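Biologist: I'd like to go through this model with you and hear the reasoning behind the labels. Can we put it up and start?

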Amino acid sequence: MSTLEQTRPSLSADAAEPAALLVSVVIPCLNEAENIEQCVTAARDALQQLDGPGEVVVADNGSEDGSAELAQGAGARVVHETRRGYGSAYLAGFAAARGRYIVMVDADLTYDFKEIPRFVAELEQGADMVIGDRMDNIQPGAMPWLHRYIGNPILTGLLNFLFRTGVKDAHCGMRAVRRDVLARLDLRTTGMEFASEMVIRAAKERLRIAEFPIEYHPRGGESKLSSFRDGWRHLRFLLVHSPTHLFILPGALMAGIGFLIMCLVEAGLSFFGRAWGLHALIGGSLLMIVGTQVLALGLCAHAYGTYFMGDRDPWFDRMRARFRLEHGLLVGGAVALVGVAMGGVILGEWISGGFGRLAYEQLAVFAAALVVVGIQIFFSSFLLSILGLRRR
């Protein structure tokens, strides 16, 4: 649980109501005794340049070096969040913030607090979220080469490919957001992937995202970032929030290729310069069955994201409007029935042959695969319908 500790009056002490605050600067903090006083002081100085009152909120994430007391002494309100994590600290800070606009800044002195008025100006001009772009203004020694040339470009590029955000630096730690859009963002993650979640959710909600270049300075104090662990958390988050690319496209490709292989083998056609037989048919059937299952998982993931997490996907919404449970049951039943009919032909030939040697091995594999795929479609349709019972 997070608790709120009231510190000495903030910059907005003369404001009549909390709602009158213009800006809340939220700073997450974990053992930043070397930097936190300077950060709070710089934030307060930047707020003095604005036309409205503001406050500095430090979200202390269980510091053991006196950071919270130092932040309080420098003039910040301190939120204590015992659940560790970058996202946990920010969620607690957001809940305590009272400003119309929220400016997020890390407590490591890598960002210039004098940029705060620029972020606020972009919000005043209509942006819903503002993100700094560090990549062309990194001072010597400020960012490891692994992050600068591999990690950040790859993760940002993947994020833009999957979600079409158009953001140049998706993991910049200095950004701003309107407080009234936080409910639409519905932020939930507790770790470093919180930065990716903000951008993804903003893109899905079609919020207006502004971006401008800022400088990135060498860090003060010890870094809390774990390159591979936090990089994996970002990558994992991107994939699980894009079921189309994680499930739908690979599943459809596998199922399609598998079915094509089966048809070519059963038709006796040659490809790649040779004729293929039973073993290729078994491989094709396995590919089709696995692909169908992955495709079904993707549809269920879309349904879960839509009904339980507030995601929006135009493609899935169109499919949901056009197709009902009965359509899936008919397709699944028809596919399975074709397989059963093919099995019946094999059984009839076996009986007419006096229960001798069972032939038609290739046809039997084809029939079995169709029965399995039909059953998958049939029951996956029921599962999608069950998920659809919970609609917002």
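Biologist: This is a predicted model, so what makes you call Arg77 and Glu55 buried or exposed?

Modeller: The cut-off for buried is under 20% relative accessible area. Both Arg77 and Glu55 come out as buried.

Biologist: And why is the pair Arg77 and Glu55 called a salt bridge?

Modeller: The test is a side-chain nitrogen of Lys or Arg within 4 Å of a carboxyl oxygen of Asp or Glu. For Arg77 and Glu55 the N to O distance is 2.9 Å, so the pair passes that 4 Å test. Arg77 sits in strand β4 and Glu55 in strand β3, so the bridge ties together parts that are 22 residues apart in sequence.

Biologist: How do you know which label fits Arg83, and which fits Glu81?

Modeller: Buried is under 20%, exposed is over 50%, and partly exposed is in between. Arg83 has 49% relative accessibility, so it counts as partly exposed. Glu81 has 1%, so that residue counts as buried. These two also form a salt bridge, with the closest N and O atoms 2.9 Å apart.

Biologist: What makes Arg134 and Asp169 a salt bridge?

Modeller: Their side chains meet at 2.6 Å, N to O, and the limit is 4 Å. Arg134 lies in the loop between β6 and α5, and Asp169 in the loop between α5 and β7, so the bridge joins parts 35 residues apart in sequence. Arg134 and Asp169 are both buried.

Biologist: How many salt bridges turn up in the whole structure?

Modeller: The search finds 12. Some link up: Glu32, Asp108 and Arg219 form a network.

Biologist: Why is Trp145 called exposed?

Modeller: Trp145 has 58% relative accessibility, and exposed means over 50%, so the label holds. Trp145 is part of helix α5. Along with Tyr149, Ile150 and Ile154, Trp145 makes up a nonpolar surface patch with about 490 Å² of accessible area together.

Biologist: Now the inside. Which residues have the most contacts in the largest nonpolar core?

Modeller: That core has 74 residues, and the ones with the most contacts inside it are Val23, Val25, Ile27, Val58, Phe94 and Leu185. Helix α1 gives the most to this core, with six residues.

Biologist: What is Leu185 in contact with, leaving aside its neighbours within four places in sequence?

Modeller: Leu185 is in contact with Met129, Val177, Met198, Arg201, Ala202 and Leu207. Apart from the largest core there's another, of 14 residues, including Val265, Leu281, Leu363 and Val373.

Conventions. Residues are numbered from 1 along each chain as its sequence is written. This is a predicted model: local features need pLDDT of at least 70, side-chain atom pairs count only at pLDDT 80 or more; totals for chains, interfaces and linings use all residues. Side-chain values use heavy atoms; hydrogens and water are left out. Patches are made of residues with over 30% relative accessible area and no salt bridge: like charges are joined within 9 Å, nonpolar side chains (Val, Leu, Ile, Met, Phe, Trp, Tyr) within 5 Å. Accessible areas come from the Shrake-Rupley method with a 1.4 Å probe; for residues, only the protein chains shown count as cover. Helices (H or I, at least four residues) and strands (E, at least two) are DSSP runs, numbered from the N terminus. Buried means under 20% relative accessible area, exposed over 50%, partly exposed in between (1.4 Å probe, protein chains only). A nonpolar core is a set of buried Ala, Val, Leu, Ile, Met, Phe, Trp, Tyr and Cys residues joined through side-chain atoms within 4.5 Å. Contact means heavy atoms within 4.5 Å.
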